[in-house]
Amino acid sequence: MGQRSVRHAARHARAPRNGRLRRAWRIAAGASTVAVVAVVAIVAIAVANIGGGKPSVKLVDPVTHKVVTQQEALLALHGAFNVLLVGSDTRTGQGGQFSDQADQAASSGLGNNDVTMMLHINASHTAATVVSFPRDTELPIPPCPALSGAGKTAAISEAMLNVSFPEGGMPCTVLTIEQLLGISNIDYAASITFDGVVAMSDAVGGVPVCLATPIDDPYTGIKLPAGTSVLSGAQALAFLRSRHGVEDGSDLARISSQQNFLSSLMRTITSHGVLSDPLTLLKLGNAAISNMTLSDTMRNPRTIAEMALALKGIPMSQITFVQYPVVTDPTNVNRVVPDAAEGAVLANAIRNDLPVTLTAGTGRGAQLAAPHPAATATAPSSAPSAAVTASGTPTATSTPTPSSVALGQNATGQTAAEQTCTKGVTG
């Protein structure tokens with residue numbers, strides 16, 4: 001089929017102060033997706049208890065361009081594997097604040113994939129890399145299975161990443177990321193909606209987040225002081241949606257803020273007795289799965305249980321969150337394009353199943369929390385380290401291992417073991 005070119009307006013710089021309601025909902029999709037990585041290990045419990053065939057578990061066609069059977073999916077989990085996670089900004093079926101006419105008109109149906117993340121577990125199940133792909137990235141969209149079930153969509157020579165989901169559903173987003181990374185083995189995927197993060201943050205009793213400076217975002221309604229706040233429910237949703245309240249008001253800044261929340265959620269789950277409390281586990285698993293659409297390859301409870309086992313033994317210091325490296329689009333400062341050189345380094349690490357080491361520190365919307373002096377003095381040599389800028393602000397780095405790949409300066413992020421603090425707007 002022919003190729004077409006589509007360019008969609010979006011911001012990775014500060015957004016202007018008009019049309020704020022419409023743009024506020026455009027940034028909401030990330031609120032649910034960022035919680036998914038932390039609860040993959042316990043969704044199996046919910047599946048086993050409520051049944052994989054329940055209506056709340058929405059099944060979809062196989063995610064990849066190939067047909068992957070459930071048996072093949074199970075076998076793949078014994079080695080390295082990839083899981084794609086999509087946050088849709090759809091208002092369909094969300095009810096409440098998303099049910100008015102303006103919101104339904106803004107994003108009905110599948111919605112856009114405003115957040116796209118990929119979890120890579122290495123073959124030895126000793127390290128994980130979680131890659132966040134900026135929604136503003138301009139890149140080719142390959143031909144995808146048509147949503148009607150007949151034929152394929154036309155390839156798009158250049159479009160925003162976030163149009164791949166409405167173009168062809170999860171299979172299209174998977175094919176787009178596979179093409180970008182030069183891989184063909186994203187065999188598992190899930191999408192999640194707005195209310196998922198509300199239910200999951202409530203299930204764990206709230207998630208503590210650190211703020212380096214106050215946040216005041218009238219677009220999402222979040223207003224928090226500097227310091228640590230425990231967020232749950234609608235407040236957690238508003239924090240994760242917030243773009244205008246973080247650093248320079250960009251989607252890139254929001255990614256690092258989401259990494260702050262997600263790493264804290266993972267630490268909360270593992271350190272507050274959640275994994276040893278069956279009732280809390282069931283609540284958390286039900287909250288996740290009731291708001292998720294799974295690929296056909298994930299509908300078997302045993303598959304998710306195997307994912308849980310793969311994740312179980314990975315230390316927090318070996319779970320690395322990284323933003324896919326991008327640079328400003330030379331034709332439009334409000335968009336980004338892949339950083340070819342640094343993107344190739346990250347893609348090669350994933351293809352060769354190697355852990356990654358961050359050298360650039362946190363993203364623009366966060367900074368590493370200052371370590372406690374006593375903790376610094378007694379930290380083991382294998383612990384994540386912190387570099388300090390000229391201004392005295394610590395930035396996240398990770399300690400390299402003999403086989404790890406050092407990422408470039410545009411590949412920012414943190415490990416799950418590191419506590420970061422979100423930065424409010426800078427003027």
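So, the lining of the largest cavity: its residues split into five nonpolar, three polar and four charged. This is a predicted model, by the way, so please keep that in mind throughout. Who sits around that space? The lining is made up of Asp114, Val115, Thr116, Met117, Ser132, Phe133, Pro134, Arg135, Asp251, Arg254, Ile255 and Gln258. If you'd rather think in elements, the ones giving two or more residues to this lining are β4, residues 113–121, then β5, residues 128–133, and helix α8. The volume of this largest cavity is about 50 Å³. And how many cavities of 30 Å³ or more are there? The count is four. For anyone new to this kind of search, rolling a probe the size of a water molecule over the atoms shows where empty space is left.

Okay, let me stay around here and bring in Asn162. You'll find Asn162 in the loop between β7, residues 155–160, and α5, residues 164–181. Is Asn162 buried or exposed? Its relative accessibility is 9%, and the cut-off for buried is under 20%, so Asn162 counts as buried. Now set aside the neighbours within four places in sequence, and look at what Asn162 touches: Asn112, Asn113, Asp114 and Arg135. Two of those names should ring a bell, since Asp114 and Arg135 also appear in the lining of the largest cavity.

While we have α5 on the screen, have a look at Val174, which is in that helix. Val174 is buried, with a relative accessible area of 0%. Its C-alpha is 9.6 Å from the C-alpha of Cys144, and those two residues are 30 apart along the chain.

And β4 and β5 give me an excuse to mention His125, in the loop between them. The phi of His125 is near 55°, which is a positive value in a residue other than glycine. As a reminder, most residues other than glycine have a negative phi. Hold that thought, there's another one coming.

Let me zoom out for a second. The protein chain has 427 residues, and 57% of them count as buried. In secondary structure, we're looking at 12 helices and 23 strands. What about contacts? Taking those in the chain with a separation of 6 or more, 76% are between residues 24 or more positions apart. The chain exposes about 16,000 Å², and carbon and sulfur atoms supply 56% of that.

Right, aromatics. The structure holds three aromatic pairs. The one I want to show you is Phe239 with Phe261: the ring centres are 6.3 Å apart and the planes are at 35°, so this pair is tilted. It links distant parts of the chain, with Phe239 in helix α7, residues 233–241, and Phe261 in helix α8, residues 251–271, 22 residues apart. Both Phe239 and Phe261 are buried.

Helix α7 itself deserves a moment. How many of its nine residues are buried? Seven are, so α7 is largely enclosed by the rest of the structure. The buried ones are Gly233, Ala236, Leu237, Ala238, Phe239, Leu240 and Arg241. So our Phe239 from the tilted pair belongs to that buried set.

Keep walking along the chain and you come to the loop between α7 and α8, where Ser242 sits. With 1% relative accessibility, Ser242 counts as buried. Ser242 and Pro218 are 24 residues apart in sequence, and their C-alpha atoms are 9.2 Å apart in space.

That loop between α7 and α8 also holds Glu247, and here's the other phi I promised. For Glu247 phi is near 45°, again a positive value in a residue other than glycine. Glu247 is buried too, with a relative accessible area of 14%.

Last stop, Pro315. You'll find Pro315 in the loop between α10, residues 301–312, and β14, residues 319–323. Where does Pro315 fall on the accessibility scale? Its relative accessible area is 37%, which puts Pro315 in the partly exposed class. Along the sequence, Pro315 and Ala416 are 101 residues apart, yet in space their C-alpha atoms are 8.6 Å apart.

That's my tour, so over to you.

Terms used: Residues are numbered from 1 along each chain as its sequence is written. This is a predicted model: local features need pLDDT of at least 70, side-chain atom pairs count only at pLDDT 80 or more; totals for chains, interfaces and linings use all residues. Side-chain values use heavy atoms; hydrogens and water are left out. Helices (H or I, at least four residues) and strands (E, at least two) are DSSP runs, numbered from the N terminus. Buried means under 20% relative accessible area, exposed over 50%, partly exposed in between (1.4 Å probe, protein chains only). Contact means heavy atoms within 4.5 Å. Accessible areas come from the Shrake-Rupley method with a 1.4 Å probe; for residues, only the protein chains shown count as cover. Rings of Phe, Tyr and Trp (its six-membered ring) pair if their centres lie within 6.5 Å; planes under 30 degrees apart count as stacked, over 60 as edge-to-face and the rest as tilted. On a 1 Å grid over the protein atoms alone, a cavity is a set of points where a 1.4 Å probe fits but cannot get out, and a pocket is an open set with protein on both sides within 12 Å along at least five of seven lines; lining residues have an atom within 4 Å of a point. Grid points are joined across faces, edges and corners, and a volume is the space filled by probe spheres set on the points. Ala, Val, Leu, Ile, Met, Phe, Trp, Tyr, Cys and Pro count as nonpolar, Asp, Glu, Lys and Arg as charged, and the others, Gly among them, as polar.
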